[in-house]
Amino acid sequence: MDSGKLNGKRVAILATDGVEEVELTEPRKALDAAGAKTQLVSPKDDTIKAWQHDHWGQELHVDLPLARANASDFDALVLPGGVMNPDHLRTNRDAVKFVRDFFDAGKPVASICHGPWMVIEAGAAKGRTMTSWPSLETDLRNAGADWVDREVVVDEGLVTSRKPDDIPAFNAKMLEEFAEGRHDTGVRDSMQDTQTMRAEAARRRESVVTPNPIAERAIVEKEAGGGIPNMGPESVPSSGMDRAATDPLVGDSDWDTTNP
């Protein structure tokens, strides 16, 4: 049904020893059947040894050593899981850079199980909705992601799933996103800029003190020995609501009118 859907697409599969075998071989079969040209990229030069749930699996041939790999030569990336595999890869600077380059270019990435560790390490998890093997929930939340427990999640070209049982749904969304191609990163950049502006507005609300000339005059007179005058109700400092009307960084959406 998906034959030819990815004709001409070049897909890198980044993995090393301990990769969960089915999380590499099944997505690769789906990609090959759709016409993609897949290459297994690894820090190792010849073969890697896969893992099958609780024991070692088959040896897999490495098509392209990481030292010679460049993200610009590929259209998409697959990050399979297995605990050992991404745990080793995330300590490899070249592997992390390879992954980061895909995100920086807006290219689609599919990651399953423990694979999202590499998304975190590449600095690409913040602001995204993602899923993973349950033990990564805290790691992803700490990295700024919105973690959800679903069989497959798509967020601006990033496809994530939890476990081998999710592979059918994972493969289907992976093919869709890879066929779509690059995603515009401008929307995410704009969202991050907006978040920065709102944080600055909050900082200003906390730090800005509105000058009150009557109060200042009272202090001067007291220091001059004149005592404290009767300042009257007009001396009450301006409220934050007043600042909201004049300060462009303190808008209505940032002001909680329910807490006077």
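**Close-up views of a predicted model**

**View 1. Histidine 114 is a buried residue, with a relative accessibility of 5%.** As in every view that follows, what is shown is a predicted model. Histidine 114 sits in the loop that joins strand β7, residues 109-112, to helix α4, residues 116-121. Once residues up to four places away in sequence are set aside, histidine 114 touches Gly81, Gly82, Val83 and Pro86, and also Trp133, Ser135 and Leu136. Since buried means under 20% relative accessible area, the 5% of histidine 114 places this loop residue in that class.

**View 2. The second largest pocket has a volume of about 240 Å³.** Its lining is made up of 13 residues, and those that lie nearest the centre of the pocket are Glu20, His53, Cys113, Trp133 and Pro164. By residue class, the lining of this pocket comprises six nonpolar, four polar and three charged residues. Trp133, named here among the residues nearest the pocket centre, is also one of the residues touched by histidine 114.

**View 3. Histidine 53 combines a positive phi with an exposed position.** The phi of histidine 53 is about 60 degrees, although this residue is not a glycine. Histidine 53 belongs to the loop between strands β3 and β4, the latter covering residues 55-61. With a relative accessible area of 67%, histidine 53 is classed as exposed, because that term applies over 50%. Histidine 53 is also one of the residues that lie nearest the centre of the second largest pocket.

**View 4. Tryptophan 51 lies in strand β3, which covers residues 47-52.** Leaving out residues up to four places away in sequence, tryptophan 51 touches Gly18, Val19, Glu20 and Glu21, together with Trp56, Gly57 and Met84. Tryptophan 51 and valine 22 are 29 residues apart in sequence, and their C-alpha atoms are 8.7 Å apart in space. Among the residues touched by tryptophan 51 is Glu20, which is also listed among those nearest the centre of the second largest pocket.

**View 5. Helix α1 has 13 residues and carries arginine 28.** From its first C-alpha to its last, α1 reaches 18 Å, close to the 18 Å expected at 1.5 Å a residue. The buried residues of α1 are Glu21, Glu23, Leu24, Thr25, Pro27, Arg28, Ala30 and Leu31. Arginine 28 has a relative accessibility of 19% and therefore counts as buried, the limit being under 20%. Apart from its neighbours within four places in sequence, arginine 28 is in contact with Ile13, Thr38, Gln39, Leu40 and Asp63. After α1 comes glycine 35, which has a positive phi near 95 degrees.

**View 6. Helix α6, residues 167-180, has a set of buried residues covered by both helical and strand elements.** The end C-alpha atoms of α6 are 20 Å apart, which agrees with the 20 Å that its 14 residues should span at 1.5 Å a residue. The residues of α6 that are buried are Ile167, Ala169, Phe170, Asn171, Met174, Leu175, Glu177 and Phe178. An α-helix has 3.6 residues a turn, so residues three or four places apart point the same way. The elements that cover the buried residues of α6 include helix α1 (21-33) and the strands β1 (10-14), β6 (76-79), β7, β10 (152-155) and β11 (158-161). Just after α6, glycine 181 takes a positive phi of about 90 degrees.

**View 7. Leucine 175 of helix α6 is shown with lysine 5.** These two residues are 170 residues apart along the chain, whereas their C-alpha atoms are separated by 7.9 Å. The relative accessible area of leucine 175 is 4%, and the residue is accordingly buried.

**View 8. Glutamate 156 is found in the loop between strands β10 and β11.** Its phi is near 45 degrees, which is a positive value in a residue other than glycine. With a relative accessible area of 31%, glutamate 156 is partly exposed.

**View 9. The whole chain, with 260 residues, is given as context for the close-up views.** The secondary structure of the protein comes to nine helices and eleven strands, and 42% of the residues count as buried. Of the contacts with a separation of 6 or more, 65% are between residues 24 or more positions apart. The mean pLDDT is 82, and 70% of the residues reach 70 or more. Over residues 231-260, however, the pLDDT is below 50, and this stretch has 30 contacts in the model beyond near neighbours in sequence.

Conventions. Residues are numbered from 1 along each chain as its sequence is written. This is a predicted model: local features need pLDDT of at least 70, side-chain atom pairs count only at pLDDT 80 or more; totals for chains, interfaces and linings use all residues. Side-chain values use heavy atoms; hydrogens and water are left out. On a 1 Å grid over the protein atoms alone, a cavity is a set of points where a 1.4 Å probe fits but cannot get out, and a pocket is an open set with protein on both sides within 12 Å along at least five of seven lines; lining residues have an atom within 4 Å of a point. Grid points are joined across faces, edges and corners, and a volume is the space filled by probe spheres set on the points. Ala, Val, Leu, Ile, Met, Phe, Trp, Tyr, Cys and Pro count as nonpolar, Asp, Glu, Lys and Arg as charged, and the others, Gly among them, as polar. Helices (H or I, at least four residues) and strands (E, at least two) are DSSP runs, numbered from the N terminus. Buried means under 20% relative accessible area, exposed over 50%, partly exposed in between (1.4 Å probe, protein chains only). Contact means heavy atoms within 4.5 Å. The expected span of a helix is 1.5 Å times one less than its number of residues. pLDDT is the predictor's confidence in each residue, from 0 to 100.
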